[in-house]
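Let's take a friendly look at how a protein holds its ligand. Have the sequence and the 3D view ready as you read.

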Amino acid sequence: MTRKRVAVLISGRGSNMAALIAAARANDYPAEIVLVVSNVPDAGGLAIAKEAGIATAVVDHRAYGKDRTAFDHALQDVLLAHKIELVCLAGFMRLLTPWFVTQWQNRLLNIHPALLPAFKGLDTHARALREGVKLHGATVHFVVADVDSGPIVAQGAVSVHEDDTEETLAARVIKIEHRLYPLALRLVAEGRVSVTGGRCIIDGAETSDTPLLVPRP
Ligand code: GRF
């Protein structure tokens, strides 16, 4: 089995990155995390990656001012230098240019802390509580130029409790994120996910067979 070379892009604590690193330690996992890149020099996840023996790089967005294209080209150079085949955004808080997204079409994943297309953007847990939804969760999707809008690879759902606060709900969602992202990356790295008409098809089956994780009781 040739394992796909994966880069994880982070801006913060990197708990999803850590979950991907842990999953990729299994011998039968079809991807290896060979690089972690952050746009924030002191992102907590960088230390975790280094400890795990993974190459790290910083492309500090502040050096590029408002020039998003220049930042994305610098990022691309790092990815190409490491012969990266798939990219996972994991709490990467930068908007990427259409140019960059096109370079990585169907090879660039993101995890979003909501059941898309509900609650695109920020503050998803607070908004879910405000709206009174009974189910919430996380989505792994391919990245397209429109934010939080790409083809959905997999979703994980959690129930919302009467007495939930933003923090308790976030804690429940992040647990499912840590199971969902490794599952979704496995499917993509194994070449089992195709995109047709803006939708993901798994194993050539209908989209309704897209994996849905629900937490164990
Ligand atoms: C996660 O909730 C992820 O869904 C969102 O940003 C958060 C990153 O957390 N995109 P971590 O850095 O992976 O711990």
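An oxygen atom of the ligand lies 2.7 Å from an N or O atom in the side chain of E177. That is a polar contact, meaning a pair of N or O atoms within 3.5 Å. The table lists this contact along with two others.

| Ligand atom | Protein partner | Distance |
|---|---|---|
| oxygen | E177, side-chain N or O atom | 2.7 Å |
| oxygen | R13, side-chain N or O atom | 2.4 Å |
| nitrogen | I111, polar backbone atom | 3.0 Å |

On its own the ligand has 360 Å² of accessible area, and the protein covers 85% of that (Shrake-Rupley method with a 1.4 Å probe).

This is a predicted model, where local features need pLDDT of at least 70 and side-chain atom pairs count only at pLDDT 80 or more, while totals for chains, interfaces and linings use all residues. Residues are numbered from 1 along each chain as its sequence is written, and side-chain values use heavy atoms, without hydrogens and water.

Which residues are around the ligand? They are R13, G14, S15, N16, G91, I111, H112, P113, I174 and E177, each with a heavy atom within 4 Å of the ligand. By class, this shell has 3 nonpolar, 5 polar and 2 charged residues; Asp, Glu, Lys and Arg count as charged, Ala, Val, Leu, Ile, Met, Phe, Trp, Tyr, Cys and Pro as nonpolar, and the others, Gly among them, as polar. Two or more shell residues come from each of α1 (15-23), β5 (108-112) and α6 (166-189). Such elements are DSSP runs numbered from the N terminus: helices (H or I) have at least four residues and strands (E) at least two.

Methods
Polar contact = N/O pair within 3.5 Å; in protein donor to acceptor, adjacent residues only side chain to side chain.
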